[in-house]
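Please find below my note on the model you sent round. I have kept to what can be read from the coordinates and the confidence scores.

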Amino acid sequence: MTVHKKWSVDGLEAEYAQVETKDLLERLNITGRWAYYGFAVRPGWLPILEQMFGDMIEAGWDRTGLDQIKQKFGTLRVHLEGVHPVEVHDVIDDHEAMGQITCELCGTVGLLRTIAQIDRKGRSRGCYAITLCDDHYASVENPQKEK
Ligand SMILES: [Zn+2]
């Protein structure tokens with residue numbers, strides 16, 4: 001069963017693209033423990049993943065060992081288990097770098113943002129990092145934006 005996790009914070013909203021990433025993995029015959037339910041990345045990064053998988057296969061990837069794809073501290077992280085050609089890892093590095101300049105919500109040019117969360121009493125609730133375009137960043141309903 002596919003779980004669709006809804007993500008919503010500070011006026012930003014997106015469903016994780018788990019159905020779409022699962023379809024992509026199946027279409028390309030990519031195996032791994034995550035292939036059953038897809039990855040928890042937001043829709044803006046889907047084109048990067050599609051391009052990355054294609055380039056990895058072209059670089060000699062045997063479509064095995066895909067362990068995890070996620071957003072961590074606002075950046076795209078791809079984990080591959082096992083031994084693979086160095087060219088395959090180069091492809092991954094290039095596309096992780098693409099994530100740093102691509103809005104996670106809509107896929108246009110973005111920047112890594114750090115957004116501090118303050119509760120109604122003015123207390124800090126920590127912060128989160130996310131890569132957003134100017135428009136999505138402008139739509140953050142939060143008084144504490146950090147550069
Ligand atoms: Zn955007």
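The points below take confidence first, then the overall layout, the helix pair and the cores.

1. This is a predicted model, and its confidence should be read before its details. The chain averages a pLDDT of 85, with 86% of the residues scoring at least 70. Confidence is highest in helix 3, at a mean of 97, and lowest in strand 7 (residues 145-146), where the mean is 55.

2. The start of the chain deserves a separate remark, since over residues 1-5 the pLDDT is below 50. The model nevertheless gives this stretch 13 contacts beyond its near neighbours in sequence, and I would ask that these be presented together with the score.

3. As for the overall layout, the chain contains 4 helices and 7 strands, which follow one another along the sequence in the pattern β-β-α-α-β-β-α-β-β-α-β. Of the contacts with a separation of 6 or more, 62% are between residues 24 or more positions apart. Buried residues make up 25% of the 147 residues in the chain.

4. How do helix 2 and helix 3 lie relative to each other, parallel or antiparallel? Their axes come within 9 Å and cross at roughly 165 degrees; angles over 145 degrees count as roughly antiparallel, and the two helices are therefore roughly antiparallel to each other. The crossing of helix 2 past helix 3 is right-handed.

5. On the side of helix 2, this contact is made by Ile 48, Gln 51, Met 52, Asp 55 and Met 56, while helix 3 contributes Val 88, Val 91, Ile 92, His 95, Met 98 and Gly 99. Met 52 illustrates the pairing, for once its neighbours within four places in sequence are set aside, Met 52 is in contact with Val 91, Ile 92 and His 95.

6. The largest nonpolar core has 19 residues, and those with the most contacts inside it are Leu 49, Met 52 and Met 56. Two or more residues of this core come from each of helix 2 (46-58), strand 3 (66-72), strand 4 (75-80) and helix 3 (86-99), with helix 2 giving the largest share, 5 residues. Met 52 and Met 56 thus appear both here and in the contact between the two helices.

7. A second core, separate from the one just described, has 5 residues, including Leu 105, Ile 130, Leu 132 and Cys 133. As general background to both points, nonpolar side chains tend to be buried together in soluble globular proteins.

Conventions
Residues numbered from 1 in each chain as written. Predicted model: local features only at pLDDT ≥ 70, side-chain atom pairs only at ≥ 80, totals over all residues. Core = buried A, V, L, I, M, F, W, Y, C linked by C-beta atoms within 7 Å. Buried ≥ 20, exposed ≤ 12 C-beta atoms within 10 Å, placed from the backbone. Contact = placed C-beta atoms within 7 Å. pLDDT = per-residue confidence, 0-100. Axes fitted to C-alpha atoms, helices over the stretch in contact; angles between N-to-C directions. Parallel < 35°, antiparallel > 145°, perpendicular 65-115°, else oblique. Left-handed = near helix turned anticlockwise from the far one by under 90°.
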